[in-house]
Amino acid sequence: MALKSSNKVDVNTYELVVTIDSEAFSEACRQAYLKQRKNIQIPGFRKGKAPMGMVEKVYGESTFYEDALDALYPETVTAAFEEAGIKVVDTADVNLPIMSKAEGVEITMKVTTYPDVKLGEYKGLKATKLPTEASDEDVENELAQMQKRNSRLIDVTDRPAEMGDTATIDFEGFTDGVAFDGGKGENYPLELGSGSFIPGFEEQVAGHSVDDEFEVNVTFPEDYKADLAGKEAVFKCKIHEIKTTELPELDDEFAKDVSEFDTLDELKADLKENISKSKEADAEADIKNQILDQVIENMEAEIPECMFEQKTDEMIREYSYNLKNSGIELETYLQYIGQDMDSFKASLRENAEKQVKLALALEAIIKAENIELTDEEIDKEAEELGAQYGMDAEQIKKALPAEDIAESAKRNKAVNILVESAVIE
């Protein structure tokens, strides 16, 4: 097995010719025969007892070629990439002009390689730190959220629905007088003002009372799913009940009910401290983002399109996996938000590009700074990853390849070098 030739034909593009000698290929064919022998039936022989030569005579000499190549291919091309000194992103136009036990195998392919990255300025960059001290307004906002979480819904019978109320409604939607799929619901609790329905819908429910039957006229947004985008629709609605939110009083009793504190002032002081800690963490994260954005902006690289495509597809698979864990299929979710797969993929593109560029930049910095790790740093990274996933360090080490943990630790170390050298205003 050897690399016969390697020619750069374009930016990040090589054409390779890789060979497998006849001896290695013949042996791989023999191993394929041995694996399949017990299932082979040839007239005149007991099942599994037909010699390899007889099997090839009956079914053709190439009968074991595919399995033999499958066994040799991964190791062969990996060795060829290493010998050519290239890091491959994608492989295309794979052909087999020669494949026989007598001549061996010749593989021709076109490969896309990782781009060369030229780092610009990455040390001594400037960043502005966001304010970290909690304001009185921050505390009041958090108290308002606590009030809402501890509120209760009470029935409204003496007035029409208002924005902020929750109206339980039946509805059915029509376009051009015909009901459309997904446009019907019964006893649906709709919070007026939540923006969860088509623009203009909730405002038209407001003003109606229990048992009212009425029509709502709306126009679907242009970016809605294709069969309804931009269309006018009429929804026939009926209100069954209206509920409004009753908030608890903000006093010492409230503090006792929702916290470990005896007074509202003590609760406010604790909230202020926790909000400040949270804002400090957010400010640190924002500093990193500012610096990393500059690193990406300063670097030069001709990045292959397939890297962006691969990252986008990876993000979609991860998104789908997370939705499935919540009992939702991706296709169902896309219907709910009024998107098709193409528009959903397009919405992820910008983030995918940024992630690819960031990974390339950090990889270049790791190389430029000759970053190495101690055992203690790897253990610390395993602990931090474990904290993210609710696992201990040993569980993480069993779940993730050691090289993945090490790469994560190196990237974090590279980011720390950037932040420590930065000028923070």
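The questions and answers below go through a sheet, the cores and two helices of a predicted model.

Residues are numbered from 1 along each chain as its sequence is written, and side-chain values use heavy atoms, with hydrogens and water left out. Because this is a predicted model, local features need pLDDT of at least 70 and side-chain atom pairs count only at pLDDT 80 or more, while totals for chains, interfaces and linings use all residues.

Reader: In what order do the strands of the open four-stranded sheet stand?
Author: Helices (H or I, at least four residues) and strands (E, at least two) are DSSP runs numbered from the N terminus, and two strands pair if DSSP finds at least two bridges between them. The edge strands, S1 (2-10) and S3 (88-100), each pair on one side only. Seven bridges join S1 to S2, eight join S2 to S4 and eight join S3 to S4, with antiparallel pairing in the order S1-S2-S4-S3.

Reader: Which residue is the bridge partner of Val17 in S4?
Author: Strands of a sheet pair through backbone hydrogen bonds, either parallel or antiparallel. S2 and S4 run antiparallel, and Val17 of S2 is also the bridge partner of Ser5. In S4, the partner of Val17 is Thr108.

Reader: Which residue in the turn between S1 and S2 has a positive phi?
Author: Asp10 has Thr13 as its bridge partner in S2. The two strands form a hairpin with two residues between them, and the turn residue with a positive phi, about 60°, is Asn12.

Reader: Which helix supplies the largest share of the largest nonpolar core?
Author: A nonpolar core is a set of buried Ala, Val, Leu, Ile, Met, Phe, Trp, Tyr and Cys residues joined through side-chain atoms within 4.5 Å, where buried means under 20% relative accessible area, exposed over 50% and partly exposed in between (1.4 Å probe, protein chains only). Of the 28 residues in this core, Leu16, Phe25 and Phe64 touch the most other members. Strand S2 (13-20), helix H1 (22-36), helix H2 (52-59), helix H3 (65-84) and strand S4 (104-113) each supply at least two residues. The largest share, seven residues, comes from H3.

Reader: At about what angle does H3 run to S3?
Author: Axes are lines fitted to C-alpha atoms, for helices over the stretch in contact (heavy atoms within 4.5 Å), and angles run from 0 to 180 degrees between N-to-C directions. H3 lies across S1, S2, S3 and S4, and its angle to S3 is about 130°.

Reader: How far apart are the end C-alpha atoms of H7?
Author: The expected span of a helix is 1.5 Å times one less than its number of residues. Buried residues of H7 (264-298), including Leu264, Ile287 and Val295, pack against elements that include H10 and H13. The 35 residues of H7 should span 51 Å, which agrees with the distance between its end C-alpha atoms, 50 Å.

Reader: On which residue is the kink in H10 centred?
Author: H10 (residues 341-368) reaches 40 Å from its first C-alpha to its last, close to the 40 Å expected. The bend at a residue is the angle between axes fitted to the seven residues ending there and the seven starting there. In H10 there is a kink of about 40°, and its centre is Arg349.
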